[in-house]
Amino acid sequence: MKVNKLKPTIGFIGAGNMGLPMAKNLIKKGFHVKVYDINSKITKRLEKDNIKAVNNLRAVANNNYIISILPDTQNVESVFNTDSGINSYLKPGTIVIDMSTIASSSAIEIGKALQKKQIEFLDAPVSGGVKGALNANLSIMVGGKKVTYKKSSDVLNSLGGNIIYAGKLGM
């Protein structure tokens with residue numbers, strides 16, 4: 001008899017054109033997802049769709065995984081800023097997956113800052129556009145520790161059909 005393991009919890013940051021369908025796909029796969037977006041209009045829309053929305057980064061931090069998909073490097077750096085971002089709320093053992101397309105140097109720096117707090121980090125930019133996000137058929141290029149990548153495979157496979165391990169952070 002197979003034991004049904006509890007799915008990990010996911011804090012999801014960024015519910016725009018790509019993020020919202022990605023969060024919905026995670027929910028369809030049985031993950032418990034809390035979603036944060038800086039735009040309160042989006043947050044209100046999430047609640048209408050019965051998606052658990054939170055109104056600040058601190059409220060999304062207490063999960064097994066944190067996934068972010070944001071417009072640019074500057075947005076990601078502000079979310080994972082050691083002084084004013086989510087970093088001080090994350091607990092050791094959390095796995096952070098940033099799926100935004102950002103500068104590799106930023107991914108490396110964010111990863112180093114999180115590692116000091118015993119938090120694992122994968123940079124995992126996606127390709128496939130909104131259609132790929134809707135259909136959970138994104139191509140995902142993952143950089144980071146291989147053991148963290150393997151631990152995250154269930155989450156990644158819920159979002160994409162072509163998952164490629166590229167090597168260390170920034171690759």
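Start by selecting strand 4, helix 4 (residues 73-79) and strand 5: together they form a β-α-β unit, and its hand is right. Keep in mind as you go that this is a predicted model.

**Stop 1: strand 4 and its neighbours**

Stay with strand 4, which covers residues 65-68, and show its side chains. Tyr-65 and Ile-67 point to one side, Ile-66 and Ser-68 to the other, and all of them are buried. That is the pattern to look for, since in a regular strand the side chains alternate between the two faces of the sheet.

Now add strand 5 (residues 95-98). Strands 4 and 5 run parallel and are joined by 4 bridges. To find one of these pairings in your viewer, pick Tyr-65, whose bridge partner in strand 5 is Ile-95.

Next, bring in strand 1 (residues 9-13). This strand also pairs with strand 4 in the parallel sense, over 4 bridges. Here the pair to select is Ile-13 in strand 1 and Ser-68, which stand opposite each other.

**Stop 2: strand 1 and the crossover to strand 2**

Colour strand 1 by burial and you will find it mostly covered, with 4 of its 5 residues buried. From strand 1 the chain passes through helix 1 to reach strand 2, a β-α-β crossover that is right-handed. Strands 1 and 2 run parallel, with 5 bridges between them. Select Gly-11 and Lys-34 to see one bridge: Lys-34 is the partner of Gly-11 in strand 2.

**Stop 3: Ile-10**

Is Ile-10, in strand 1, buried or exposed? Its relative accessible area is 0%, so Ile-10 counts as buried. Select what surrounds this residue: leaving aside residues up to four places away in sequence, Ile-10 touches Leu-26, Phe-31, His-32, Val-33, Lys-34, Asn-63, Tyr-65, Ile-67 and Val-155. You have already met Tyr-65 and Ile-67, which point one way from strand 4. For Lys-34, try the distance tool: its C-alpha atom is 6.4 Å from that of Ile-10, although the two residues are 24 apart along the chain.

Phe-31, another contact of Ile-10, deserves a click of its own. The charged end of Lys-7 sits over the ring of Phe-31, 4.6 Å from the ring centre. If you enjoy ring interactions, there is also an aromatic pair to hunt for; a search of the whole structure finds 1.

**Stop 4: the two sides of helix 2**

Move to helix 2 (residues 40-48) and select Ile-42, Thr-43 and Leu-46, which are buried. Turn the view to look down the helix axis: the buried residues fall within an arc of 100°, so they line one face of helix 2. The spacing fits a simple rule: an α-helix has 3.6 residues a turn, so residues three or four places apart point the same way. What lies over the buried residues of helix 2? Their cover includes helix 1 (19-28), strand 2 (32-36) and strand 3 (53-54). Then select Lys-41, Lys-44 and Lys-48, which are exposed on the other side of helix 2.

**Stop 5: two loops**

Finish with two backbone details. Go to the loop between helix 5 (104-115) and strand 6 (120-123) and pick Gln-118. Its phi is near 60°, a positive value in a residue other than glycine. Gln-118 is exposed, with a relative accessible area of 56%.

The last selection is Ala-136, in the loop between helix 6 (129-134) and strand 8 (138-143). For Ala-136, phi is near 50°, again a positive value in a residue other than glycine.

Methods:
Residues are numbered from 1 along each chain as its sequence is written. This is a predicted model: local features need pLDDT of at least 70, side-chain atom pairs count only at pLDDT 80 or more; totals for chains, interfaces and linings use all residues. Side-chain values use heavy atoms; hydrogens and water are left out. Rings of Phe, Tyr and Trp (its six-membered ring) pair if their centres lie within 6.5 Å; planes under 30 degrees apart count as stacked, over 60 as edge-to-face and the rest as tilted. A charge sits over a ring if NZ of Lys or CZ of Arg is within 6 Å of the ring centre and within 35 degrees of the ring normal. Buried means under 20% relative accessible area, exposed over 50%, partly exposed in between (1.4 Å probe, protein chains only). Two strands pair if DSSP finds at least two bridges between them. A crossover is right-handed if, with the strands pointing away from the viewer, the path from the first strand over the helix to the second runs clockwise. The arc is that of the directions from the helix axis to the C-beta atoms. Contact means heavy atoms within 4.5 Å.
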